[in-house]
Amino acid sequence: MKKLLFYINALNGGGAERVMSNLSSQFVDKGYEVLFATSYPADGEYELNKKIKRFNLESENIPCSKIKRNYVRIKRLRQICKREKPDVLVAFMAEPNFRAIIATIGLKTKTVISVRNDPEKEYAGRLMNFVGKYILPMADGCVFQTEEAKKWFPKKLQNKSTIIFNAVKREFFEAKRKPVNGLIITCGRLEEQKNHILLIKAFFNVVKKNPNAYLHIYGEGSLKDYLQSLIDNLGLNHSVKLMGQTNDVVSVLEKADVFVLSSFYEGMPNALMEAMAVGVPCIATDCPCGGARMLLNDNNGILIKNNNIDELTNAMEQLIKDDYKKETLSNKCIETVSEFKAENIFLKWREYIEKVVLDEKNKK
């Protein structure tokens, strides 16, 4: 097995996109021929290894009916598979997973899909529920991030799946912390899932007693104007800043005194893992599908009830004031994520993908 095709909708913005960009580059560095397909090009894309052959199924993200969009993208993805003949097509996220399975029906190319978020959200509704329960099990393999996510799917898919955590790049472990006292950081798309509204409202409570506290929110998204209005209405313009997208997450985390993940739901949160690798004391909501719970415990961070403003307020106040606790959590969280260094996670991916191909060959 020497030729891989990776497929995701776009190559910007989210953790799954960054993971796929890094993973594809690692395969190239190990001598594999790697192709990369996106549904459409986008602004602010993550950088791909120059040895990777890139395809776009469409020249831009054109609004159209879901049926037409899927038909066109499946047809073009299948054409790439027939022409390039990859051994394995690796897809991330709900719609790309579905398209990858349909596009490779009857072809020699094997499909390895990956569920990157809470299936209760990603596969909600009749149509997506049908996709999750009946289409996804047609894949040759599946990578989950948590046991909770895995259990949502039929046994047919569970039995040929594996669990692999996200990788954390070496640069995060090599970061040199220069924390600014009272600076709280979060990184994530400005969308409902990330629940920045909770974080801003909780911070409003914190800053009353801690006027030297600051909150910087990194990311872009559809709620940007709404969040800015909330900040304005609460009179937080001086202490809360929407910082936009950053390509230098390491430098951002080096300055953080505290990191907060306030999401309603997550898969395995990259932003949280990266903050832990830098050694930033972390607070996270205990949200489905269990990724934060698998990372944080009483010894290495603070896990709070989902969407609970009082617990989030108390946790931020506690860490801002307690330097000893921050130092203790900093050391422990680095230890926790050390096993998720990129080299270790790549080996798990390579072993699993090659197993999928080998198992298929043995069946013949």
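## A tour of salt bridges and helix H15

Select Glu-148 to begin: this residue is partly exposed, with a relative accessible area of 34%. Keep in mind that you are looking at a predicted model. Now add Arg-293, whose side chain meets that of Glu-148 in a salt bridge (3.3 Å, N to O). The pair joins distant parts of the chain, with Arg-293 in helix H13 (residues 291–295) and Glu-148 in helix H6 (residues 147–150), 145 residues apart. Arg-293 counts as partly exposed too, at 41% relative accessibility.

The structure holds 18 salt bridges, and some of them form a network. Select Lys-3, Glu-33, Lys-53, Arg-83 and Glu-84 to see them linked. Zoom in on Arg-83 and Glu-84, where the N to O distance is 3.8 Å. Here Arg-83 is exposed at 52% relative accessible area, whereas Glu-84 is buried at 11%.

Next, select residues 323–337, which make up helix H15. From first C-alpha to last, H15 reaches 22 Å, close to the expected 21 Å. Colour Lys-326, Leu-329, Ser-330, Cys-333 and Val-337, the buried residues of H15. They lie on the same side of the helix because they cover an arc of only 110° around its axis. Show helices H8, H12 and H14 with strands E11 and E13, which are among the elements covering those residues. Then turn to the other side of H15, where Tyr-324, Glu-327 and Glu-335 are exposed.

Finish at the start of H15, where a side-chain oxygen of Asp-322 comes to within 3.2 Å of the backbone nitrogen of Tyr-324. Select Lys-326 and Asp-323 as well: their side chains meet in a salt bridge (3.3 Å, N to O), and about one helical turn separates the two residues.

Notes:
Residues are numbered from 1 along each chain as its sequence is written. This is a predicted model: local features need pLDDT of at least 70, side-chain atom pairs count only at pLDDT 80 or more; totals for chains, interfaces and linings use all residues. Side-chain values use heavy atoms; hydrogens and water are left out. Helices (H or I, at least four residues) and strands (E, at least two) are DSSP runs, numbered from the N terminus. The expected span of a helix is 1.5 Å times one less than its number of residues. Buried means under 20% relative accessible area, exposed over 50%, partly exposed in between (1.4 Å probe, protein chains only). The arc is that of the directions from the helix axis to the C-beta atoms. Contact means heavy atoms within 4.5 Å. A polar contact is a pair of N or O atoms within 3.5 Å; within protein, one must be able to donate a hydrogen and the other to accept it, and residues adjacent in sequence count only if both atoms are side-chain atoms. A salt bridge is a side-chain nitrogen of Lys or Arg within 4 Å of a carboxyl oxygen of Asp or Glu.
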